[in-house]
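Opening the notebook on a new model today. I want to look up one helix first, then the ligand site.

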Amino acid sequence: MTAELGPVPARALPASARAPGKCILFGEHAVVHGAPALILALDLHTQVVVTRPSAGGAAGPAPVADNPYLAAALTLAGRGPTDLEVRAVSRLPRAAGLGSSAAFVAALSAVLSADAGGLDRPGLAQRAFAVERAAQGVGSPGDTSASVAGGYITVNGPAATGPLLWEVRAGSERWDVRRAPDPGWSWVVAYSGIPRSTAEAVRAVGERLGRPDGPALLQRFADVAARGIAAVAAGDRGATGHLLTENQSLLRDAGVSHPRLEALIEAAAPASEGAKLTGAGCGGSIVALPVPGREVDLMRRLARAGAVPFPVTPAAGAALVEPVFG
Ligand code: MEV
């Protein structure tokens, strides 16, 4: 998947862009502290349309004060809070661990960059992360880079994973983002219906990793993610399933699982190779790798257990598109 990695071309407003959500397969939370992660851009999108405000004061968008991501994007683009009308439609549930804010930020940053004369893709990844960081205060560039790159990526993955796409910086922190191979699998994601705050979960795990046994726990996260990246690259479903389960036990130890997520993982077990929470946890969603031929059975089990299941495959990265509404 390389065709989507071109620059964002110049395009004057009105303009629109669409960007995918994401599913973290290995390494959430630990990636914030420098460990590797494997992330899939999934085929549920957010589309943003940006216009100049209409004369006569038609019903406007939500006030900037209600949306810290919108406020940060406008500030970093050098725009005032009332310069533009920004509307978004999304198929991604919010606060569900599926990258809805990253998709919004990536699509909006693409449009604002296009209107400012265009931007190369590493620049878009850096800009989208800067916006998310400014709004959220904590976190890694994993979600925004997945939304900008599309397909499978690693953050802090081994060089053998694939070509370096870009590095993202925030002060003295630095993360490498690489293209990872696509094994051609479908995954199943299931939303528990329990919303959660990414920033709170990230801060809680930061405190957990600050305890005396924190460095050892972080090392176990890093080892599982490195083996998970290798198992997916090798197309080894059995090993990937075991490592998903191992990653989940570390996330449980880090305090970000939830009884509903544990119940969904248990419900998925007979039809999946392995499953874990995905994203910040404390609610949100799980991801499961189906046993081949058992995809429908897996989704039925998850729906019966009270979740909203989606089959997901890789999506292309953020791109300008024709406005769907305006
Ligand atoms: C949230 O989707 C993933 C976390 O690892 C935070 C981050 O990487 O920014 C929990």
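Starting where the helix stops: I see that H3 is followed by Gly137, whose phi is positive, near 85°. Note to self: this is a predicted model.

Next I checked the helix length. H3 has 16 residues, 121–136, and at 1.5 Å a residue I expect a span of 22 Å; the end C-alpha atoms are 22 Å apart, so the two agree.

At the N-terminal end I found a cap on H3: a side-chain oxygen of Asp120 sits 2.8 Å from the backbone nitrogen of Gly123.

Then burial. The buried residues of H3 include Leu124, Ala128, Phe129 and Val131. I looked up what the buried residues pack against and got helices H1, H2, H4 and H5, plus strands E5 and E6.

Arg121, in helix H3, made me stop. Is Arg121 buried or exposed? Its relative accessible area is 5%, which is under the 20% cut-off, so Arg121 counts as buried. I went looking for a partner and found the backbone oxygen of Ala318, 3.0 Å from a polar atom of the Arg121 side chain. Those two residues are 197 apart in sequence, yet their C-alpha atoms are 9.4 Å apart in space.

On to the ligand. I listed its surroundings, among them Ile24, Glu28, Val32, Asp143 and Gly279. For polar contacts to ligand oxygen atoms, I have the Lys22 side chain at 3.0 Å, a polar backbone atom of His29 at 2.8 Å and a polar side-chain atom of Ser140 at 2.7 Å. Last check: the ligand alone exposes 300 Å², and the protein buries 98% of that.

Notes:
Residues numbered from 1 in each chain as written. Predicted model: local features only at pLDDT ≥ 70, side-chain atom pairs only at ≥ 80, totals over all residues. Heavy atoms only, no water. Helix = DSSP H or I, 4+ residues; strand = E, 2+ residues; numbered from the N terminus. Expected span 1.5 Å × (residues − 1). Buried < 20%, exposed > 50% of the residue type's maximum accessible area, 1.4 Å probe, protein only. Contact = heavy atoms within 4.5 Å. Polar contact = N/O pair within 3.5 Å; in protein donor to acceptor, adjacent residues only side chain to side chain. Near = heavy atom within 4 Å. Areas by Shrake-Rupley, 256 points an atom, 1.4 Å probe, with all protein chains shown as cover.
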